[in-house]
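User: I'd like to go through this model with you. Can we start with the packing and then look at the odd spots?

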Amino acid sequence: MEILTDLPQLRSESGLPVPRQVVMGDDTVAADVAYRMMCEGTGMLWRGDFHNARQLLQALSRRTQKRSSKRPVKNQSADISQAFHLHRQALGQRARVLGLLFIPLDADYGVPLRRAPDVGEACFQAWGPSSGQTSMVSLRELLGVVGAYEWRKKGVQVAALGVTPNNRIHPHYGVFSPVRGEYIDLVATTAIDDHTLAFEIGVGTGVLSALLVKRGVERVVATDCDSRALACAKDNLARLGSSEKVELVNADLFPDGLAPLIVCNPPWVPARPTSPIERAVYDENSSMLRGFLSGLREHLTSEGEGWLILSDLAEHLGLRSRQSLLQWIDEGGLQVLGRQDIRPRHGKVEDTDDPLHLARVAEVTSLWRLGPQRT
C-alpha cells in the first residue's frame, strides 16, 4: 500500500496533527486491513468511490464497537466515576481510530471522488470561505458537517416558543442544539418578578434569550465568547423577531452593569472537552459554573435573582458533590431563594445498555433561584 509523503492540509475541528504515516486507500482495501492499520495510528487518504468510503467507515465503526464493548465500563455501583472515565476513554479511542479515514477536498470544497455529494455549502457554513487550497478531512468529521447543515436547515422545534411556524431554533455547526427541552421548560415556567432587563450568560443558540423576550422581558443582554454561538444566536433571534430586544455581546461571562435577572445554563459535567462542540457539555474544573457563582452578586440589583440551570448528573457520576455546589454559592455571597426540579425525558434514560444508565435515571435538572445574602 502506497505511503503518501506530499499531503494536503488537514482540516480538524479538534486541531489534531497529521498522522506520522498516511497511506492511499481505494475500493480494494479490506475493512480488517484498514482497521488494523488505523489501530496502529496509520491514516488512510481515500481515492476510491465515496459511497464505498462510507461503507468502510461503517465497517470500522462496527469493529470499534465490538472492541469497546469488551471493556469493563458497566460496574457502576462499585465506582461510577471510574465507569464515566472508562466510558470517555473508550469513546475517545473509537473517535481516534474512525478519524483516520480521510477524504480529499479541492480548493472549492468539492470532493474529487466518484459518486461524491455536493458538500460545498455545508463546508462553507461550518468553516467559512475556502482558503483556495486543497485539503483533506476525516470522513467522520465531514459527515458531521453535513449532518449539522441538515439540522441547521430543518431546525429544532421548541414548544415553549409557541405553536407558530417560527418556533424553531436553527443550530449552527459547533453550537449545541437545544434537543433536551427540560431546561427550557424550567425557564418557561419560573415566575419573573422584574421584566425590565435580563442578562443571559452563555447565549449559545439564543433559545433562552428568545424565550425571555416571549415572556415579556423588555431587554436582554446576552453574552458568549464563541463567535459561532454569537452568529448562531443572531440568526435565530432575527428569525424569531426578537433582535431588537436582545443585545449580543462578545464577553467571557458577564456584561457591564446590573440586572434584576441573570440566567445561566453552564455545561453540566466537570470534565475536559476534547472538541469545540463538547464545550457545551463539559466544563473543566467547573470553571464556568464557579465563575458565574463568584461574579453573580456584583452584577445583580439589590432585589435581583440569578437563575442557575444545572443538572445533578455530575453528582451521580461522583465528579462534583452537592456540598461543593452549596459552598460555592455561599462563597459568592449568595443565598438559595428557591429551586425547581424536572426529570429528564431523553432516550438514554431508557437505555439499560448505557454504561452510565444508573446515573442517568437518577438525574434531575434544576433551576436554582439565587439572590444576594442579606446582612
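User: Which residues touch the most other members in the largest nonpolar core?

Analyst: This is a predicted model. In its largest nonpolar core, of 63 residues, they are Leu212, Ile262, Phe292, Leu293 and Leu308.

User: And which helix gives the most to this core?

Analyst: Helix H7, residues 207–214. H7 puts in six residues.

User: Take leucine 308. What is it in contact with, leaving aside neighbours within four places in sequence?

Analyst: Leucine 308 contacts Cys264, Pro266, Leu289, Phe292 and Leu293. Leu325, Ser366, Leu367, Trp368 and Leu370 are on the list too.

User: How many residues are in the other core?

Analyst: That core has 42 residues and lies apart from the one with Leu308. Val23, Leu57, Ala59 and Ala148 are among its members.

User: Switching to helix pairs. At what angle do the axes of H4 and H5 cross?

Analyst: At roughly 90 degrees, and the axes come within 9 Å. H4 covers residues 120–127 and H5 covers 139–154. The two helices are therefore roughly perpendicular to each other.

User: Which residues meet there?

Analyst: From H4, Glu121, Ala122, Cys123, Gln125, Ala126 and Trp127. From H5, Glu141, Leu142, Val145, Val146, Tyr149 and Arg152. By class, the contact has eight nonpolar, one polar and three charged residues.

User: Which residues of H4 are buried?

Analyst: Gly120, Ala122, Cys123, Ala126 and Trp127. They cover an arc of only 165 degrees around the axis, so they sit on the same side of H4.

User: What do those buried residues pack against?

Analyst: Three strands and two helices show up here: E2 (9–11), E5 (101–105) and E6 (135–138), plus H5 and H8 (227–239).

User: What about H9 and H11? At what angle do they pack?

Analyst: About 35 degrees, with the axes 7 Å apart. H9 is residues 287–295 and H11 is residues 322–331. Leu289, Arg290 and Leu293 in H9 meet Leu325, Trp328 and Ile329 in H11. That contact has five nonpolar residues, no polar ones and one charged one.

User: Now the backbone. Which residue just after H4 takes a positive phi?

Analyst: Glycine 128, at about 85 degrees.

User: A glycine, fine. What phi does tyrosine 109 have?

Analyst: Also a positive one, about 65 degrees, although tyrosine 109 is not a glycine. Most residues other than glycine have a negative phi. Tyrosine 109 is in the loop between E5 and H4.

User: Is tyrosine 109 buried or exposed?

Analyst: Buried. The relative accessible area of tyrosine 109 is 4%, and the cut-off for buried is under 20%.

User: Where is leucine 253, and what is its phi?

Analyst: Leucine 253 is in the loop between strand E11 (246–250) and strand E12 (259–264). Its phi is positive, about 75 degrees, and it is not a glycine. Leucine 253 is buried too, with a relative accessible area of 17%.

User: Last one: where is arginine 239, and what does it touch?

Analyst: Arginine 239 is in helix H8. Not counting residues up to four places away in sequence, arginine 239 touches Asn166 and His170. Arginine 239 is partly exposed, with a relative accessible area of 43%.

User: How far is the C-alpha atom of arginine 239 from that of glutamine 327?

Analyst: The two C-alpha atoms are separated by 41 Å. Along the chain, arginine 239 and glutamine 327 are 88 residues apart.

Note on methods
Residues are numbered from 1 along each chain as its sequence is written. This is a predicted model: local features need pLDDT of at least 70, side-chain atom pairs count only at pLDDT 80 or more; totals for chains, interfaces and linings use all residues. Side-chain values use heavy atoms; hydrogens and water are left out. A nonpolar core is a set of buried Ala, Val, Leu, Ile, Met, Phe, Trp, Tyr and Cys residues joined through side-chain atoms within 4.5 Å. Buried means under 20% relative accessible area, exposed over 50%, partly exposed in between (1.4 Å probe, protein chains only). Helices (H or I, at least four residues) and strands (E, at least two) are DSSP runs, numbered from the N terminus. Contact means heavy atoms within 4.5 Å. Axes are lines fitted to C-alpha atoms, for helices over the stretch in contact, and angles run from 0 to 180 degrees between N-to-C directions. Angles under 35 degrees count as roughly parallel, over 145 as roughly antiparallel, 65 to 115 as roughly perpendicular and the rest as oblique. Ala, Val, Leu, Ile, Met, Phe, Trp, Tyr, Cys and Pro count as nonpolar, Asp, Glu, Lys and Arg as charged, and the others, Gly among them, as polar. The arc is that of the directions from the helix axis to the C-beta atoms.
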